[in-house]
Amino acid sequence: MYLNCKTFFSYRYGTLSTEELVKEGVEAGATSMALTNINNTADWWDFYSFCGEHKIHAILGAEIRNEDDLLFILLARNDEGLAEINRYLTRHFQQQKLFEENEIWTNNVWLIYSFNKKDPHTLKENELLGVRPSQVNKLFSFDVSKWQHKLVVWQPVTYKDKKGYNLHRLLRAVDKNIILSKQQATEIAGPDEIFLTPAQVLHAFKQYSFIITHTWKIMEGCNYQVDLHVDKNKKCFSSSKADDMILLEKLAMDGLRYRFGNNNREAEQRVRKELKIIDSLGFNAYFLITWDVIRYAQSRGFYYVGRGSGANSIVAYCLQITDVNPIDLDLYFERFLNPYRTSPPDFDIDFSWQDRDEVIDYIFKRYGKDHVALLGMYSTFQHNIIIRELAKVFGLPKAETDELLNDPHATFREDRYQKHILYYGEMLRNFPNHLSIHPGGMLISEEPICNYTAMELPPKGFATAQIDMFVAEKVGLYKLDILSQRGLGHIKEAIRLVRENKNISIDIREVEKFKKDKKVAEQIKKADTIGCFYIESPAMRQLLQKLKCSDYITLVAASSIIRPGVSQSGMMRQYIYRFHHPTEIEYLHPKMEELLQETYGVMVYQEDVIKVAHHFAGLDMGEADVLRRAMSGKYRGRKEFDAIKNKFFQNCNEKGYTPALTAEVWRQIESFGGYSFSKAHSASFAVESYQSLYLKTYFPMEFMVAVINNFGGFYSTELYFHELRRTGAQIHAPCINNSFELTGIYDREVYMGFIHIKSLDQKTLYRILQERGQCGSFLHLHDFIERTAIGIEQLNILIRAGAFRFTKKNKKELLWEANFLHKKMKEKMPAAGKLFKSQPPDFKLPHLVQTFREDALDEIQLFGFPLCNPFLLAEISTKSYVMSNELANMIGKEIEILGYYITQKPIRTQRGQLMQFGTFLDQQGDWLDTVHFPDVADNTPLTGSGFYEMKGKVVADFGVYAVEVKMIHKLGLRKADND
């Protein structure tokens with residue numbers, strides 16, 4: 001009867017979660033149900049699993065629509081039918097075609113049409129007509145006896161009750177981008193699409209009981225043989241599992257000699273131990289596939305970082321998947337693999353954002369498009385989008401919507417529409433909104449992906465599974481993460497620039513040399529890390545200073561304790577204190593001292609959670625790993641988690657621990673929230689940090705240009721140009737004859753790239769570069785106009801950007817000349833690249849003055865920031881301000897400072913009040929950190945870019961100085977020039 005049930009994976013249509021749907025079915029008395037989401041199979045396997053828990057016969061299918069036009073319902077009769085439905089959806093998504101009714105289907109799939117939509121004479125063997133309870137009266141004029149074998153009961157389920165119906169209407173209005181009053185009946189489901197009880201359905205069809213019997217027969221004939229939680233990844237890399245084992249051993253032993261030499265017994269024993277466990281758990285192919293991806297990247301000269309739990313593996317280290325030596329770091333082997341583990345270990349491979357798509361394309365071509373997909377995920381409705389979308393549906397003015405979103409003190413008024421937004425917005429929270437792409441997950445399966453899910457084709461052009469990570473793992477498909485990050489782009493670009501500008505080649509994999517370099521160590525200790533991967537944020541630079549970090553091991557720890565879960569729990573502060581006072585440590589218990597001595601009694605890594613759960617609380621390794629996954633946000637089985645938590649407390653009680661001790665250990669575990677790192681992960685990050693640090697230490701100009709050209713990092717482009725200026729580089733605005741699309745460096749001369757000029761279109765940029773490349777430098781403005789045929793608006797932008805400085809004329813003179821020439825040449829513009837160039841006219845203009853301030857304001861408008869020292873533009877009084885380098889001698893004193901805004905970090909106190917941590921530059925270009933407690937943040941909050949005059953008290957924390965701001969005043973730009 002329930003052949004057409006939908007969940008909220010019918011995006012912007014359904015109103016029930018998958019679990020809610022099944023529970024509602026149980027309450028209604030259902031014994032068999034079909035999940036048929038609109039053009040979607042995202043939650044098939046969750047539904048299948050929930051139905052199994054409640055002893056309900058699960059049927060899987062899909063409802064096929066083109067916008068509001070319902071074509072038919074598909075029900076899979078068997079496993080082949082599941083694949084057929086997924087292939088059908090995939091084909092239409094990837095060809096971006098409308099769904100059609102004239103498809104050829106096998107008898108593995110039932111097609112159900114709406115009653116009266118199709119002439120029963122034309123129905124094929126596997127085609128049926130669905131009759132709703134409300135349509136029973138239409139059967140009086142239908143030849144029931146002749147076509148009874150083609151009729152089934154069709155009771156759609158879209159919502160639970162009237163509130164669900166209202167929410168459905170709101171979702172449809174959001175989808176159509178209309179106000180509710182404009183909604184048409186054809187755009188929404190009927191108000192009767194709820195669970196009717198079997199008794200109600202029987203009563204409706206009391207004169208046609210054979211239709212109910214036939215419906216049951218159809219439903220009972222749909223059965224599947226899919227085993228969940230069984231590994232379905234690609235089974236073999238080579239021709240057989242036996243050959244995989246031989247190949248992996250050969251590669252590992254070759255790598256062992258490369259990494260450790262010929263006589264490292266400890267390393268060899270660990271390699272052989274790992275190989276044995278990898279083989280026994282069936283993960284040889286997974287390692288070889290990852291090695292194959294790395295081999296391809298190396299052949300193409302791509303930079304990469306291998307991380308994830310797989311970095312705990314010495315085999316991964318020997319295969320050059322990672323650059324982390326697990327012996328040196330005493331990495332916990334059981335975090336990587338243990339006999340209880342059923343899923344492959346986690347490898348995250350980072351590539352430059354410029355290289356990642358080529359690596360993904362290689363994987364698709366190497367392993368076959370039918371067996372490879374990007375992992376899907378879905379964006380969800382959250383506060384801001386809920387308010388904005390529902391406000392539009394109810395017709396609220398934009399100003400009122402903006403007030404609700406932007407004013408932290410705004411409250412919902414007691415009017416009907418705002419109350420509806422609040423009420424239904426809470427119902428809508430966490431609903432999936434649309435399919436998205438997992439940041440890096442890829443699925444490589446033994447059987448075709450379509451056996452398990454349909455695939456769509458987002459803008460990037462790679463097939464993407466409709467299922468997310470959790471459903472994929474339930475099916476038995478485990479992801480390989482192919483990620484991108486800007487940090488590797490910095491490194492790759494810096495190496496290229498050093499080679500071109502200084503004729504020096506760098507082997508960036510000489511990490512052991514970098515770790516021992518004294519200049520690099522001093523660079524970390526000073527926290528001079530702007531542009532360096534993962535260690536440039538204000539919080540991280542402060543942490544490095546507090547730890548007086550100058551070595552790799554400390555940096556590994558810092559990379560983990562900076563995470564919010566550790567810092568917010570107070571454990572970061574504990575770690576810093578204990579780091580400096582190891583003799584004062586009081587461990588919670590002797591066992592905790594044994595387990596956590598390396599980290600001074602503080603749980604810093606995910607491995608620490610596993611060790612404590614296993615050795616302190618007596619959980620087995622499988623349970624400890626479930627606990628670790630739950631704490632890192634990668635596990636959603638709440639029942640299993642609660643059971644493990646109960647066992648944790650029960651075991652501790654049996655071991656004789658006091659309730660207070662057990663509770664405190666659990667609190668420390670729980671404080672990791674979703675933010676703890678594996679030690680191997682932190683170690684991998686620290687390797688990349690060292691590579692960046694080496695380049696910044698010895699080639700600071702080239703490194704900062706590389707950071708600028710990759711448009712990635714914690715800070716704005718302006719800050720990176722500021723850092724570049726501090727290295728001694730001479731920075732020039734874009735130049736018609738010297739600049740390219742990206743910023744270039746020639747010895748110490750840096751020319752800003754054209755890409756930084758706002759409103760300069762790509763067509764103009766490419767025309768300039770093409771003409772200059774073919775015919776040489778431009779001689780003068782007249783020559784430029786003649787050769788490029790540029791429009792006057794684009795020409796004026798280039799002049800205001802300072803791109804014609806080589807003419808020795810100021811901007812006002814050039815603007816006058818450009819507009820005169822353009823007007824004169826408009827009618828007789830010669831073709832670009834002609835053989836003989838005409839001579840430019842000789843203009844005699846009055847003396848036109850272009851001021852420094854006017855140049856700077858042009859730069860602010862066109863680049864977003866000035867290229868000069870910004871303090872030269874500030875409306876500063878004659879008073880003197882305290883500089884950042886003077887704070888150490890003024891602890892506890894009230895001072896006055898002037899700062900140029902860089903960034904801020906807003907946080908909520910335990911009472912929910914807003915406070916801010918500010919980061920500024922002082923007049924000498926040094927960093928200035930400020931603290932704004934709620935009374936100041938509330939009354940005079942930081943409002944973005946500009947100059948701030950502040951009064952406050954100097955405070956110190958482990959040798960790091962900041963100003964607790966009491967008063968703050970934002971300054972403007974000075975009005976007149978002094979130049």
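Buried means under 20% relative accessible area. The legends below describe close-up views of a predicted model.

**View A. Helix 8 and the helices packed against its buried residues.** Helix 8 covers residues 241-260, 20 residues in total. From the first C-alpha to the last it reaches 28 Å, close to the 28 Å expected at 1.5 Å a residue. Its buried residues are D244, L248, L251, A252, M253, G255, L256 and F260. An α-helix has 3.6 residues a turn, so residues three or four places apart point the same way. Helix 9 (265-280), helix 10 (284-299) and helix 11 (314-318) are what the buried residues of helix 8 pack against. After helix 8 comes G261, with a positive phi near 85 degrees.

**View B. The five-stranded barrel and helix 21.** The strands close into a barrel in the order 18-19-20-22-21, with mixed pairing. From one strand to the next, the twist averages 50 degrees. Helix 21 (residues 538-547) packs on the sheet and touches strand 18, strand 19 (914-921), strand 20 (927-932), strand 21 and strand 22 (960-971). The direction of helix 21 makes about 150 degrees with that of strand 22.

**View C. Strands 18 and 21 of the barrel.** Strand 18 (residues 894-908) and strand 21 (residues 947-957) run antiparallel and are joined by seven bridges. I895 has G952 in strand 21 as its bridge partner.

**View D. Surroundings of Q850.** Q850 lies in the loop between helix 36 (811-825) and helix 37 (852-863). Q850 counts as buried because its relative accessibility is 18%, under the 20% cut-off. Its side chain makes a polar contact with the side chain of D855, at 3.1 Å. Neighbours within four places in sequence aside, Q850 is in contact with N810, K811, K812, D855 and D858.

Notes
Residues numbered from 1 in each chain as written. Predicted model: local features only at pLDDT ≥ 70, side-chain atom pairs only at ≥ 80, totals over all residues. Heavy atoms only, no water. Pairing = 2+ DSSP bridges. Helix = DSSP H or I, 4+ residues; strand = E, 2+ residues; numbered from the N terminus. Axes fitted to C-alpha atoms, helices over the stretch in contact; angles between N-to-C directions. Contact = heavy atoms within 4.5 Å. Buried < 20%, exposed > 50% of the residue type's maximum accessible area, 1.4 Å probe, protein only. Polar contact = N/O pair within 3.5 Å; in protein donor to acceptor, adjacent residues only side chain to side chain. Expected span 1.5 Å × (residues − 1).
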